[in-house]
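User: I'd like to learn how to read a structure like this one, feature by feature. Where do we start?

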Amino acid sequence: MTATFDPKANMVFCRKYQQDLPKMPNPPFPNAKGEEIQNTVSKKAWDEWLELQTMLINENHLSMIDPEAKKFINEQREKFLDNEDYERPAGFTPESNSK
């Protein structure tokens, strides 16, 4: 039996962009939440989130060992990925709006 290449196998219906886009090669976390994100968020949206997350951590001087800081970042991640109103660093312009 010959394996067939399925182009859809590396795609995911992205909850942020509401379209089929390339998926992340691996879950971002080693748990059920990571698998859920891998199956519902495109690599493009995740990469954009990581950039925003870094700015939020730096601008707000967050320590990721602080449970409140973790809670804040997790809340902002969900809002960002669900296209809800999320915290933006001063002067932040999303990549998709800056062109």
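Analyst: With burial: buried means under 20% relative accessible area, exposed over 50%, and partly exposed in between, using a 1.4 Å probe and protein chains only. Before the cases, know that this is a predicted model, where local features need pLDDT of at least 70 and side-chain atom pairs count only at pLDDT 80 or more, while totals for chains, interfaces and linings use all residues. Residues are numbered from 1 along each chain as its sequence is written, and side-chain values use heavy atoms, leaving out hydrogens and water.

User: Is Arg 77 buried or exposed?

Analyst: Arg 77 is buried, because its relative accessible area is 6%. Chain-wide, 29% of the 99 residues count as buried.

User: What does Arg 77 touch, leaving aside its neighbours within four places in sequence?

Analyst: Contact means heavy atoms within 4.5 Å. Arg 77 is in contact with Phe 29, Lys 33, Ile 37, Trp 46 and Trp 49, once those neighbours are set aside. For the whole chain, take contacts between residues at least 6 apart in sequence: 44% of them join residues at least 24 apart.

User: Where does Arg 77 sit in the fold, in which helix?

Analyst: Helices (H or I, at least four residues) and strands (E, at least two) are DSSP runs, numbered from the N terminus. Arg 77 belongs to helix H3. The chain has three helices and two strands, in the order β-β-α-α-α from the N terminus on.

User: How many bridges join S1 to strand S2?

Analyst: Strands pair if DSSP finds at least two bridges between them. Here there are four, and S1 and S2 (residues 19-22) run antiparallel. To check the register, look for Val 12 opposite Leu 21, and for Cys 14 with Gln 19 as its bridge partner in S2. The hairpin has four residues between the strands, and Gln 18 takes a positive phi near 55 degrees there.

User: Along strand S1, which side chains point to the buried face?

Analyst: Val 12 and Cys 14 do, and both are buried. Met 11 and Phe 13 point to the other face and are not buried, giving an alternating pattern along residues 11-14.

User: Which residues have the most contacts inside the largest nonpolar core?

Analyst: A nonpolar core is a set of buried Ala, Val, Leu, Ile, Met, Phe, Trp, Tyr and Cys residues joined through side-chain atoms within 4.5 Å. The largest one here has 16 residues, and Val 41, Ala 45, Trp 46, Trp 49, Leu 52, Phe 80 and Leu 81 have the most contacts inside it. Helix H2 (43-59) and H3 are the elements that give two or more residues to this core. H2 provides the largest share, six residues.

User: How many aromatic pairs does the structure hold?

Analyst: Rings of Phe, Tyr and Trp (its six-membered ring) pair if their centres lie within 6.5 Å; planes under 30 degrees apart are stacked, over 60 edge-to-face, the rest tilted. By that test there are three pairs. Take Phe 29 and Trp 46: their ring centres are 5.8 Å apart with planes at 85 degrees, so they pair edge-to-face. This pair links distant parts of the chain, with Phe 29 in the loop between S2 and helix H1 (32-40) and Trp 46 in helix H2, 17 residues apart. Phe 29 counts as partly exposed because its relative accessibility is 28%, while Trp 46 counts as buried because its value is 7%. Phe 80 and Tyr 86 are edge-to-face too, because their planes are at 80 degrees, with centres 5.1 Å apart.

User: Are Phe 80 and Tyr 86 buried or exposed?

Analyst: Both are buried, and together with Trp 49 they form one aromatic cluster. Not counting residues up to four places away in sequence, Phe 80 touches Lys 16, Ala 45, Glu 48, Trp 49, Leu 52 and Tyr 86.

User: Where does Lys 16 lie relative to Phe 80?

Analyst: A charge sits over a ring if NZ of Lys or CZ of Arg is within 6 Å of the ring centre and within 35 degrees of the ring normal. Lys 16 lies over the face of Phe 80, 4.0 Å from the ring centre. Likewise, the charged end of Lys 44 sits over the ring of Tyr 17, at 4.4 Å from its centre.
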